[in-house]
Amino acid sequence: MNLHQMAISPPFLLSSRSAYTLNPLFFSTRRRFCFPLPYSRFTSIKRRNFAVAASENGVFTSPELAKSFDFTSEERIYNWWQSQGYFRPKFDRGSDPFVISMPPPNVTGSLHMGHAMFVTLEDIMVRYNRMRGRPTLWLPGTDHAGIATQLVVERMLASEGIKRVEVGRNEFEKRVWEWKEKYGGTITNQIKRLGASCDWTRERFTLDEQLSRAVVEAFVRLHEKGLIYQGSYMVNWSPKLQTAVSDLEVEYSEEPGTLYHIKYRIAGGSRSDFLTIATTRPETLFGDVAIAVHPQDERYSKYVGQMAIVPLTYGRHVPIIADKYVDKDFGTGVLKISPGHDHNDYLLARKLGLPILNVMNKDGTLNEVAGLYCGLDRFEARKKLWSDLEESDLAVKKEPHTSRVPRSQRGGEIIEPLVSKQWFVTMEPLAEKALRAVEKGELTIMPERFEKIYNHWLSNIKDWCISRQLWWGHRIPVWYIAGKDSEEEYIVARSAEEALIKARDKYGKDVEIYQDPDVLDTWFSSGLWPFSTLGWPDVSAEDFKRFYPTTVLETGHDILFFWVARMVMMGIEFTGTVPFSYVYLHGLIRDSQGRKMSKTLGNVIDPIDTIKEFGTDALRFTLALGTAGQDLNLSTERLTANKAFTNKLWNAGKFVLQNLPNRDNISGWQTMQAYKFNTEESLLRLPLPECWVVSKLHILIDAVTESYNKFFFGDVGREIYDFFWGDFADWYIEASKARLYHSGDDSVALVAQAVLLYVFENILKLLHPFMPFVTEELWQALPNRKEALIISTWPQTYLPRNNNLVKRFENLQALTRAIRNARAEYSVEPAKRISASIVASEEVIQYISEEKEVLALLSKLDLDNIHFTDSPPEDAKQSVHLVTSEGLEAYLPLADMVDISAEVQRLSKRLSKMQTEYEGLKARLNSPEVSTYLLIVVYALISCIILSTKLFNIFADESLMFSFYAC
């Protein structure tokens, strides 16, 4: 459908400033209808043949040839951009680079809405700054994702009946690399579908040779400063994966379980002397080293200092101690201390100097400390243990209990707190520098409220466990001496050759060394991402000198601690500079009901499927309208609405193209292109509608540019949307038809054509960072395009605008809305033209009358029967009186608007309905439950109905109808 055939949207028809001297009780509230463009006074649209120019390169399709934007052309446009080198930084227009390092998605991943969110927001930043003339680098890459990737390949081997340990480490790593080469590009190709204008020539992978060198260098330097150490500490252990996992890889969920109450007898006491302890993990009792009660708990004070017997341990005794850590009001008020299997117990044991006893193997089975239960899986042992406790009369009871269960993000199994020998980074010295960076304003976190969270975490930071018991990843650059105590005798080196040289210097030429089998936490290499991808540790690398430090780090707020803060600490430590100036945090994507997307709920929205149905531009625009740091509820309704916005934009482009001069009309093009809009004088020479829309555009450019600079992307989207749809499409395009289709002077049409082209091409520029595909397609269809939209110059700011003329056109809009509302209230047929008398001061009449044809077109008035006067017309009492603004009124003759016989029928039906309501209300008044307040309301309503009925009876005569409407 062409725009000139499209309905005018409701904003045309609503005005708080319109006033009616009518009784609203008599008029039904019907949906406002719209006015299609009439052809009685206007000629038809002529095709201008720009389609040939737009499609001659085989990449783009003109709106003149396509009914709507074809989503399948997006990949073709993207490939064209990339082939032209538009994604690479150019230094021809500026020297201050804008740099973003893409958060590297897992190489095993497939696109989800979280990826779509960060790609959209980062691409908006990149495209905007590219158009502003800054050398722009968006550096992409993927993460080797140690645990996730190893799991994928292990499952692949398992499907062949092969276990990892059977093929050996070297062969397994070879298999993983083969898998990566075959499937690792999936996420990259999907990111391209979103329009990501990254410099793919600089794509990085965290296991690339250069990035691996950076990881080793970072480890060595931290160790040389005494910030890396090895020790046995409590970690999150995954029995299935056989590795420690980070806090980020542990997800907690509220799950139904069981609370077991167990007797701990007092050593030397009678059978009635025991303490009851409640636990959800009775199998860990073999690791108990103490029983704790609160110092002020009088129930147990007599037992403090005595010994308790751990059940089913052949009489092993543990001390009963008092500590304020115990919550005397929780459970029985007695706590068993198992420091080898509980984070809190571990900290308490270290504070009190208690021993640490481990009862579990790394595969989740109980070890020899558990005696007869040795070799049993932890959950099997739990069942058997409880059965034995019941037989031994040591089981008090068990009851349902909901507890917070830690599960592996990757495998889904329950995580086991376990003391294990690992490598750690001392974080406090690094955290102090990162805190100062925010305090001194060197780093800005957006939204600002996340600064408090950042500061709190860094102020209470714990040492970081960086070792993982995996085969896929960066091997820890530590070598041990064969035959020596590995915890004391080891060598840190940048390579095996360097390690061997060091070992020979210290232990002789016959020494044998072997490398630590563990790999580094994936987050260790990710923490170096902003500078390792640019060439560090080679600080003389060209990219490092040009692009570091980067400008912005954009990511989800949920990894502020695990990734962002670590990058800040690493960046300051190794480069002496904060790695980026701004941190922009986006929220999570939820479903339309605000629920987290999950396969269990069946509410996952796939971005690729969404793109196929709604288009990339609609998806991007929907995601970008959120607020920084706030979760976004995504629904098909929003996507559908923004798909309609894409279509509206396309139809607007079609209208503009179809109404430009013919290509062979050289004089027309010269005249049109001579119009300039960058001076106050040129603006004042424009007719009122043109001056208004150009002024509004200039205001929009300033507002949008400021919002872009402040990272207020939601505001940007809404501001452009409102201007395009509300001002340009609904008002100016409609008003321009009075010029374009007029049979008179062509010079009038040329002004409108120049303004249409000027405004529309600037809309495309402003909107391009949000909706790159449809805007580029439309841009290429416009005549005389010398460059691609993606690298075009951003609109100039601080251009002239005339607020006085803007207010004048707003008066014309108010008048149009009032007339339309009146037509709708009286159910005037859309095609019917009516008369009007416009009453105003001489000044107002002058500028309103100059736009008589625009008013007639927009309000469906009879052009030959519009009268301008400074006093009410003679038939004012037989007219609908509209007051649209101070000093501007309109009188619409009722004879043009109302079919008297039809209106009498309508009022008769309404009267019958009111009489029924009246009788029903009278009956309800007899109810004793009616309150005094309700009586007052009902009486008032009945009075209105009675009055209306009387009025109708008085004026039922058709001859009195005019007087009735005028009263």
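**Exercise 1.** Work out how D297 and R299 interact, and whether each is buried or exposed.

*Solution.* Start with the pair: D297 makes a salt bridge with R299, with 2.8 Å between the closest N and O atoms. That term asks for a side-chain nitrogen of Lys or Arg within 4 Å of a carboxyl oxygen of Asp or Glu. Next, look at accessibility: buried is under 20% relative accessible area, exposed is over 50%, and partly exposed is in between (1.4 Å probe, protein chains only). D297 has 4% relative accessibility, so D297 counts as buried. R299 has 46%, so R299 is partly exposed.

A quick note before you go on: this is a predicted model, where local features need pLDDT of at least 70, side-chain atom pairs count only at pLDDT 80 or more, and totals for chains, interfaces and linings use all residues. Residues are numbered from 1 along each chain as its sequence is written, and side-chain values use heavy atoms, leaving out hydrogens and water.

**Exercise 2.** Find which parts of the chain the salt bridge of E413 and R378 ties together.

*Solution.* First, check the distance: the two side chains meet at 4.0 Å, N to O. Then place them: E413 is in the loop between β14 (395-408) and β15 (416-425), while R378 is in helix α10 (residues 378-391), so the bridge ties together parts 35 residues apart in sequence. Helices (H or I, at least four residues) and strands (E, at least two) are DSSP runs, numbered from the N terminus. Last, both E413 and R378 are buried.

**Exercise 3.** Now try K737 and E734: where do they lie?

*Solution.* Their closest N and O atoms are 3.1 Å apart, in a salt bridge. Both sit in helix α24 (residues 713-740), three residues apart, or about one turn of the helix. K737 and E734 are both buried. Zooming out, the structure holds 44 salt bridges.

**Exercise 4.** Classify two aromatic pairs: W80 with Y86, and W457 with F561.

*Solution.* Get the rule first: rings of Phe, Tyr and Trp (its six-membered ring) pair if their centres lie within 6.5 Å; planes under 30 degrees apart are stacked, over 60 edge-to-face, and the rest tilted. The whole structure has 51 such pairs. For W80 and Y86, the centres are 5.6 Å apart and the planes are at 70°, so this pair is edge-to-face. W457 and F561 are stacked, with 5.4 Å between centres and 20° between planes. This pair links W457 in helix α12 (residues 450-459) to F561 in helix α17 (residues 560-575), 104 residues apart.
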